[in-house]
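Biologist: I am new to this model. Please show it to me, and then let us go through it step by step.

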Amino acid sequence: MEVRDNTHSGHAVAHDVHDHGHDDHHHDHHQTFITKYIFSTDHKMISKQFLVTAIIMAFLAMGMSMIFRLQLAWPDETFPFLESMIGKWGKDGKLDSGFYLALVTIHGTIMVFMVLTGGLSGTFSNLLIPLQVGARDMASGLLNMLSFWFFAASSLVMFGSLFIEAGPASGGWTVYPPLSALPQAIPGSGLGMTLWLVSMVLFIVSALLGGINYVATVINLRTKGMSMTRLPLTVWAFLITAILGILSFPVLVAAALLLVFDRSMGTSFYLSDIFIGGVPLDHTGGSPILYQHLFWFLGHPEVYIVLLPALGLASEVISTMARKPIFGYKAMIGSMLVIAFLSFIVWGHHMFVTGMNPFLGSVFVFTTLLVAIPSAVKVFNYIATLWKANIVLSPAMLFAIGLVSFFITGGLTGIILGDSALDINLHDTYFVVAHFHIVMGSSAIFGMFAGVYHWFPRMYGRMMNKSLGYLHFWITIICVYGVFFPMHFIGLAGVPRRYYANTAYEGFDQLININELISVFAIIAGVAQVIFAFNFFYSIYRGRKAPQNPWNSNTLEWTAPVEHVHGNWPGPIPEVHRWPYDYSKPNAKEDFIPQTVPYSQTPESNRPGDF
Amino acid sequence: MMITLLLGTLVVIRLMSVSQMASVLSGEDEDVAQKRDNSMNSIGLMLFMVVGLALMIYMTIKYQPFLLPVAASVHGAETDFLLNINFAVIGVVFFITQIMLFWFVYKYQHDKNRRALFYPDNHKLELIWTVVPTIVLSALIVTGLREWNKMTQGHPDDGMVVQVYGYQFNWITRYSGPDNKLGRSYYKLISDTNPLGIDYSDPASKDDIMTKGNEMHLPKGVPIQFIFNSRDVIHSAYFPHFRTQMNCVPGMDTRFYMEATITTNEMKGITKNEKFDYVLLCNKICGVAHYNMKMTVVVDEPAEFSNWLKGEKKVIDAAPTAELEQNNTTASTVNTEVAL
């Protein structure tokens, strides 16, 4: 009865079933509070659940960073409020050195996994994949719901680990054994570490359930006319991200599982020849380096799991708001594929100083620096898109431009760190901290902000306040550069990361005022995020009602009704006739032609290569 | 304070409703960027770029004395040169791309009477900016790898073997003595008096010299083969001035070859700092006192170094007799275990 995707006849049966299910719902829309808001299987609701959870987790992790920034800038001061806030860990207003490491660890874990992986992919893959490919919902609503609830459970366990007696995991977010395997080595490696591992396993289950769903939806549920080369770059980015996750997360499970065995069952996968607490341990024959290989086999693709969705969102926002087709659409897809492939064979650059064979090191130098080529292509394509454009500076666009700026700044220092001869001196210093916070942390979070500002009307049917958005952008970009740029200097001076105090070596004393500067910026940046949170939650209830297509965008999601309906479109699913980037086409009536407009209706603007 | 915050929030909410109302009345959609927003923000971006780049240059100059302390090793001087070349290359790319990015945003502000240029691709252009970075990167890869091969192809026979041993939260150094070989060690032999677990039955251990205390000496101009180990967790031996870093991993040996070129005394002159000392830092998170795990390193003229070394006790002389005997029996069982 409906005009549906007939290009995949093999799935006709599945579609029919789906359609019937949809019809039932359509006539009978009674949902209880629980099925609508809690155990929802609707991708739009699940995307909001991911986003709100990620925002809460982000505030938690950001709060942690503010506490340890206080310590780093003013190591001799006392902050009495710490004691009332974190109790014994802040006795007499002084941050405990063990808890400092716990804060660093949990800050990193939450930001990388809960915010930039779960929050970013979970929110936007869920919101945009069905809406942009023209599907009623995800391939499996149930798995999708489970994906969120595993994510929520994982976040809760991680949060809960903050409240146990010995403190949470504190071996750094990479939790290298033996430190993470032996409670004798650091208190956080007791129950805290167990909870960390439980949380990560739950998280991986969530990521896999989500990822399989995203891939299945993109491959199978595209609407009629939506060929792979007509997919918006967002969807391409989510697809590649999901594949990366499916291939790499299981390896992290393996790494974690062997760590669990070593911790609780006396095996020696990672442990050998250890004398600690006055006694030699029985473990023998293992290698701590094995863990690092397994961890970074996920860990490096993880960087792109974080970054690619952000780049995808930015591509879409930049093209729409520049009123100009994205430059080099196919090159953009190609470079994402190349980046994704290379991301699996560069992990060793995290391990140049582990004593790995120098020849193996050279191979990793080679593959690592190759990543710079597709990355450079992407940057040039963004810049070319802006050239002779007609740019509307919405808050989302500003954040997307900020993303490109960070991607350049942070990407370039990667060339230095990927060079083993230079990495020797910079490894594990603040130079690395600066590099990845800019290229991965800030870029990705700016991509996420761009996404939230741009698609908020689609999520909540209302607009976010523009002026507060601008204020948020300006304070944030100034502070982010203010925090992370000076860290390059500290790193070059040779200051190691994860130091509770930099006073150990008097040569670092001259750098204390840089640390104060960084901390001031960090605190302002943190406070500025309250503006965002306020704007976000205020606009959910009180924002202006969103028009159908506020940014005059071409993609399918803006053809769905503002008020969400189950199944996304009340009538038939729209059919797609063209690629998503027909902006400012010569002779066209308006400066955008939505994907649903057939060429037969636009004879004035058709070009020879269009059909 | 809470009350102020609450009142502040309420005021903002009121103001926002008022501004929304005003925009509804004036008929324009206030939450979509207007001409005024575009010009204000693009001017802001230009200012941000100019001030940002200026500050960046200013800070680089201001902090120059503290960045990259003078390299005091042979390979360090070379990698610094390489690093500067890399900085020059990425600096050029950084300036060009950032300026283009912000300039285009400023220049091509929205004008409803104008259309953007429909310019979806240009294969020639794309080819250029794929090939050019490839060439530049190839050059960087080749120079980097050449340096890497040079610094990692050590000369085991020439180098003076020095063991650097990490444990929570300090370092021990062992010198191999005239035979330039370290005696065998095994972690189950570790005791209060034998912190390295040295197997005294190994003849190579007879001339080994161990220094504790918080100082390590190295001769200038002599190639050194460092052997790193750890007793408990992974540590990382980081000598910022020598541009040398290697992880210390329990259960395995890691190595690094280097040659110091400047003595501590000379460095005091160079840095004009009478209190200057080289330092060995732990650079891999290793526990609560990670930040305090450091050791002073003194680079001497070779003659001074020999004198200093002569004054240090051999491990075997320092070991209690009882332990020597007991050690011999344990060591032989250890040896059988290994043989099995």
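Biologist: Which residue in strand 2 of chain B is the bridge partner of B:Gly166?

Modeller: First, this is a predicted model: local features need pLDDT of at least 70, side-chain atom pairs count only at pLDDT 80 or more, and totals for chains, interfaces and linings use all residues. Residues are numbered from 1 along each chain as its sequence is written, chains are lettered from A and ligands numbered from 1 in the order in which they are written, and side-chain values use heavy atoms, leaving out hydrogens and water. Strand 1 (160-167) and strand 2 (170-175) of chain B pair antiparallel over six bridges; strands are DSSP runs of E with at least two residues, helices are runs of H or I with at least four, both numbered from the N terminus, and a pair needs at least two DSSP bridges. In strand 2 of chain B, B:Gly166 has as its partner B:Trp171.

Biologist: How many residues does the hairpin between strand 1 and strand 2 of chain B pass through?

Modeller: Along this pair, B:Tyr165 faces B:Ile172 of strand 2 of chain B. The hairpin links strand 1 of chain B to strand 2 of chain B, and its connection counts two residues.

Biologist: Why is strand 2 of chain B largely enclosed?

Modeller: Strand 2 of chain B also joins strand 3 of chain B, antiparallel, by three bridges. There, B:Thr173 stands opposite B:Thr211 of strand 3 of chain B. Strand 2 of chain B is largely enclosed by the rest of the structure because, of its six residues, the number buried (under 20% relative accessible area; exposed is over 50%, partly exposed in between, with a 1.4 Å probe and protein chains only) is five.

Biologist: Which strands are the edge strands of the open sheet ordered 3-2-1-5-8 in chain B?

Modeller: This open sheet of chain B has five strands in the order 3-2-1-5-8, with mixed pairing. Pairing on one side only marks the edge strands of chain B: strand 3 (209-211) and strand 8 (254-259).

Biologist: At about what angle does helix 6 of chain B run to strand 2 of chain B?

Modeller: Helix 6 of chain B lies across strand 1, strand 2 and strand 3 of chain B. Axes are lines fitted to C-alpha atoms, for helices over the stretch in contact (heavy atoms within 4.5 Å). Angles between N-to-C directions run from 0 to 180 degrees. Between helix 6 of chain B and strand 2 of chain B, the angle is about 100°.

Biologist: Which strands of the sheet 4-10-9-6-7 in chain B stand at the edges, and why is one side of each left without a neighbour?

Modeller: This open sheet of chain B also holds five strands, with mixed pairing, in the order 4-10-9-6-7. Each edge strand has a single partner, so one side is left without a neighbour in the sheet; in chain B these are strand 4 (215-219) and strand 7 (244-248).

Biologist: Are the residues of strand 9 of chain B buried or exposed?

Modeller: In a regular strand, side chains alternate between the two faces of the sheet. From strand 9 of chain B, B:Tyr278, B:Leu280 and B:Cys282 point one way, and B:Val279 and B:Leu281 the other. Five of the five residues have little exposure by the cut-off above, so strand 9 of chain B is largely enclosed by the rest of the structure; they are buried.

Biologist: Which residue of strand 10 of chain B stands opposite B:Tyr278?

Modeller: Strand 9 and strand 10 of chain B run antiparallel and share four bridges. The residue of strand 10 of chain B opposite B:Tyr278 is B:Val297.

Biologist: Beyond its neighbours within four places in sequence, which residues are in contact with B:Glu215?

Modeller: B:Glu215 sits in strand 4 of chain B. B:Glu215 is partly exposed, at 36% relative accessible area. Leaving aside neighbours within four places, its contacts are B:Met295, B:Thr296 and B:Val298.

Biologist: How many helices and strands does chain B have?

Modeller: Chain B has 340 residues, 48% of them buried. Of its contacts between residues at least 6 apart in sequence, 69% join residues at least 24 apart. Its secondary structure comes to eight helices and 10 strands.
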